[in-house]
Amino acid sequence: FQGMVQVGGNGTSAWSGDSGGPAYVQFPDGSFHAFGIVSGGSGPGQPVLYVLMHTVVSWVEEQSGVDITPCHDVD
């Protein structure tokens with residue numbers, strides 16, 4: 001699916017009730033950054049679909065009233 005990524009499998013994955021939760025990636029400097037939102041899967045331990053974060057930023061902001069636009073200015 002465009003704008004989605006499949007993560008997990010082989011016994012590891014998000015579980016029932018995790019929908020809408022964030023998925024993080026750890027950068028080489030040790031920091032964590034959200035890259036996706038749990039969308040759905042086929043069962044425990046099976047791969048799960050994640051909506052890529054950048055595709056839904058405006059929708060999340062509209063629904064929540066919170067500005068989550070990434071800031072690239074280190075100051």
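1. Start with the hairpin of S3 and S4: six residues sit between the strands, and glycine 43 takes a positive phi near 145° there. Bear in mind that this is a predicted model.

2. The two strands of that hairpin, S3 (residues 32-41) and S4, run antiparallel and are joined by five bridges. If you want a residue pair to click on, try valine 38, which stands opposite tyrosine 50 in S4.

3. S4 also has S1 to deal with. Strand S1 (residues 4-7) pairs with S4 (residues 48-52) in the antiparallel sense, over four bridges. Tyrosine 50 turns up again here, as the bridge partner of valine 5.

4. Over to S2: this strand pairs with S3 in the antiparallel sense, and five bridges hold the count. Glutamine 26 stands opposite phenylalanine 32 in S3.

5. Put together, the four strands make an open sheet with antiparallel pairing, in the order S1-S4-S3-S2. S1 and S2 (22-26) are the edge strands, each pairing on one side only. From one strand to the next, the twist averages 40°.

6. Now the packing. Which residues make up the largest nonpolar core? There are five of them: Ala14, Ala23, Val38, Val48 and Tyr50. So two of the names are already familiar from the bridge pairs, since Val38 faces Tyr50 across S3 and S4.

7. Alanine 14 is worth a look as well. Setting aside neighbours within four places in sequence, alanine 14 is in contact with Val38, Val48 and Tyr50, and these three belong to the largest nonpolar core too.

Key
Residues are numbered from 1 along each chain as its sequence is written. This is a predicted model: local features need pLDDT of at least 70, side-chain atom pairs count only at pLDDT 80 or more; totals for chains, interfaces and linings use all residues. Side-chain values use heavy atoms; hydrogens and water are left out. A nonpolar core is a set of buried Ala, Val, Leu, Ile, Met, Phe, Trp, Tyr and Cys residues joined through side-chain atoms within 4.5 Å. Buried means under 20% relative accessible area, exposed over 50%, partly exposed in between (1.4 Å probe, protein chains only). Contact means heavy atoms within 4.5 Å. Two strands pair if DSSP finds at least two bridges between them. Axes are lines fitted to C-alpha atoms, for helices over the stretch in contact, and angles run from 0 to 180 degrees between N-to-C directions.
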